[in-house]
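Here are my notes for anyone opening this one for the first time. Keep the viewer open and follow along point by point.

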Amino acid sequence: MEMFYYLVFGGLGAVVAALELSKTSKDRTNTSSAFNSFKNNYLLVYSLMMAGDWLQGPYVYYLYSQYGFGKGDIGQLFIAGFGSSMLFGTIVGSLADKQGRKRACVTYCIAYILSCITKHSPQYKILMLGRVLGGIATSLLFSAFESWLVAEHNKRGFEQQWLSITFSKAVFLGNGLVAIVAGLFGNLLVDTLSLGPVAPFDAASCFLAIGMAIILSSWTENYGDTSESKDLLTQFKGAAVAIASDEKIALLGAIQSLFEGSMYTFVFLWTPALSPNDEEIPHGFIFATFMLASMLGSSLASRLMARSSARVESYMQIVFAVSAASLLLPIVSNFLVTPSKVKSRSISFTGCIQLLGFCVFEACVGLFWPSIMKMRSQYIPEESRSTIMNFFRIPLNIFVCIVLYNVDAFPITIMFGMCSIFLFVACFLQRRLMVISDKPKTVDWASSKEKDTEAEPLNI
């Protein structure tokens, strides 16, 4: 492996360590022992859940190819996962608000364990079923756990500012450290121990089962709107009213969809960008480097959110602008340097520059997650939190499905340019959100909800 990869990884590691070790009292918040116990319990569960997710990611495509499926069939399996998340995610999110967030978290564990079990079968229909279950589980992972945390945090009377601590630590551990360890552990199981490509999925099932046991034994239940008269259609309508009546919620949903859509597109684009002629690059090590960059971003976010002078709505404009600029690098580099059509032994100089830019983008991802969680906790009404959060994922999943279906139809520079445009738009929307964040809502959501319950049922 080239020294360049070690230098980038070591440099990022040194910066992250320096940031964490240099934190002063201004960067830390004094909290109670009760909150620390609550926070550590959630972080343990969240880390186990993310370990179950990260262990699978690097080996899904590889496993399908080992079963003899071609690129087209594998693409359909991936589309099934995102389509399932889009179609069923909102429904399970609404059930989480009504039936309980703890139950939804347990359902996530069960659905994902079953999805892992299907990976033992080479039959296409069973693998498709696994992708459907995985899509449902993904929707729950990114809505039910956060909804439970926010409701339980408020129910126990903890300071609102302390939520930022949990969010930043969750991203630092779950999307950073756990991702790196999971990647190395998966590599150990598949390559070093030669247990086969199904082994990471079995390991993921074990972590998910452990997390589920902790949830069942230590978590209490909380709900959104528990009104028995509220069916799913009424919940959907109530969530739509909340989004339509409050510009801040609508802007937040648009910002989230634009950024996450660009992020998931980047996942498919970074490999051909760094190895345009199928050069040999260390995918696992580069992935670990990206996760280390994400840890750097979450560490910066924890510092920023610990200071009352730094508003999330303000600094996120810079984050979106920097992320948009970082994804322009492949376009700029291809414009300045004529791309070579000859396969080289390793990554090119242009690829090295792009890799540094991609690390900047991943640092922005690390900043994005705890920051968007903080804004969601402020602006999304508790009654339909899971429903609204899954509403936000509908345009995201539609976009990713379109990208997957047409991934070979456009040059890679066009795809990166599209992502940059989306991120610049997110920057302008974030500016608008900051401007109106201190203004009261034009329509009170609670009163709209009461009117909605009094209205006659829809004739469909």
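1. Start with the loop that runs between helix 8 (162-192) and helix 9 (199-218), because S194 sits there and, at 55% relative accessibility, counts as exposed. The odd thing about S194 is its backbone: phi is positive, about 55 degrees, although the residue is not a glycine. Most residues other than glycine have a negative phi. Bear in mind that this is a predicted model, so S194's phi of about 55 degrees is a computed value, like everything else in this note.

2. Now zoom out. What is the secondary structure of the chain made of? It comes to 18 helices and zero strands. The chain has 460 residues, and 54% of them count as buried. Its accessible surface is about 19,900 Å², with 65% of that belonging to carbon and sulfur atoms.

3. Have a look at how the chain folds back on itself. Take the contacts with a separation of 6 or more: residues 24 or more positions apart account for 89% of them. A51 gives you a single example to click on. It is found in helix 2 (residues 33-54), and its C-alpha atom is 7.3 Å from that of G174, although A51 and G174 are 123 residues apart along the chain. Leaving out residues up to four places away in sequence, A51 touches V178 and F207. Is A51 buried or exposed? With a relative accessible area of 10%, A51 is buried, since the cut-off is under 20%.

4. Two helices are worth checking for length and cover. Helix 5 (residues 101-118) has 18 residues and reaches 26 Å from its first C-alpha to its last, close to the 26 Å expected at 1.5 Å a residue. Of those 18 residues, 13 are buried, so helix 5 is largely enclosed by the rest of the structure. Helix 15 (residues 349-379) has 31 residues, which should span 45 Å at 1.5 Å a residue; its end C-alpha atoms are 45 Å apart, so the two agree. Helix 15 is mostly covered as well, with 26 of its 31 residues buried. As for C352, its relative accessible area is 13%, so it counts as buried.

5. On to the salt bridges. How many does a search of the whole structure find? The search finds seven. One of them pairs E221 with R103, the closest N and O atoms being 3.7 Å apart. That pair links distant parts of the chain: E221 is in the loop between helix 9 and helix 10 (232-245), R103 is in helix 5, and they are 118 residues apart. R103 has 47% relative accessibility, so it counts as partly exposed.

6. R311 and E313 also meet through their side chains in a salt bridge, at 3.6 Å from N to O. The two partners differ in cover: R311 is partly exposed, with a relative accessible area of 32%, whereas E313 is buried at 5%. Elsewhere, salt bridges that share partners join E152, K155 and R156 into one network.

7. Within that network, the side chains of E152 and K155 meet at 3.3 Å, N to O. Both residues lie in helix 7 (residues 144-155), three residues apart, about one turn of the helix. An α-helix has 3.6 residues a turn, so residues three or four places apart point the same way. What is the relative accessible area of E152? It is 2%, so E152 is buried.

8. A quick word on cysteines. The structure holds zero disulfides. C206, for instance, is in no disulfide, and the nearest cysteine sulfur, that of C116, is 9.6 Å away. A pair of cysteine sulfur atoms has to be within 2.5 Å to count, so C206 and C116 do not qualify.

9. Last stop, the outside. Which residues make a nonpolar surface patch of about 330 Å²? They are L87, F88, I91 and L95. L87 is found in helix 4 (residues 71-99) and, at 55% relative accessibility, counts as exposed, because the cut-off is over 50%.

Note on methods:
Residues numbered from 1 in each chain as written. Predicted model: local features only at pLDDT ≥ 70, side-chain atom pairs only at ≥ 80, totals over all residues. Heavy atoms only, no water. Patch = residues over 30% accessible without salt bridge, like charges linked within 9 Å, V, L, I, M, F, W, Y side chains within 5 Å. Areas by Shrake-Rupley, 256 points an atom, 1.4 Å probe, with all protein chains shown as cover. Salt bridge = Lys/Arg side-chain N within 4 Å of Asp/Glu carboxyl O. Helix = DSSP H or I, 4+ residues; strand = E, 2+ residues; numbered from the N terminus. Buried < 20%, exposed > 50% of the residue type's maximum accessible area, 1.4 Å probe, protein only. Contact = heavy atoms within 4.5 Å. Expected span 1.5 Å × (residues − 1).
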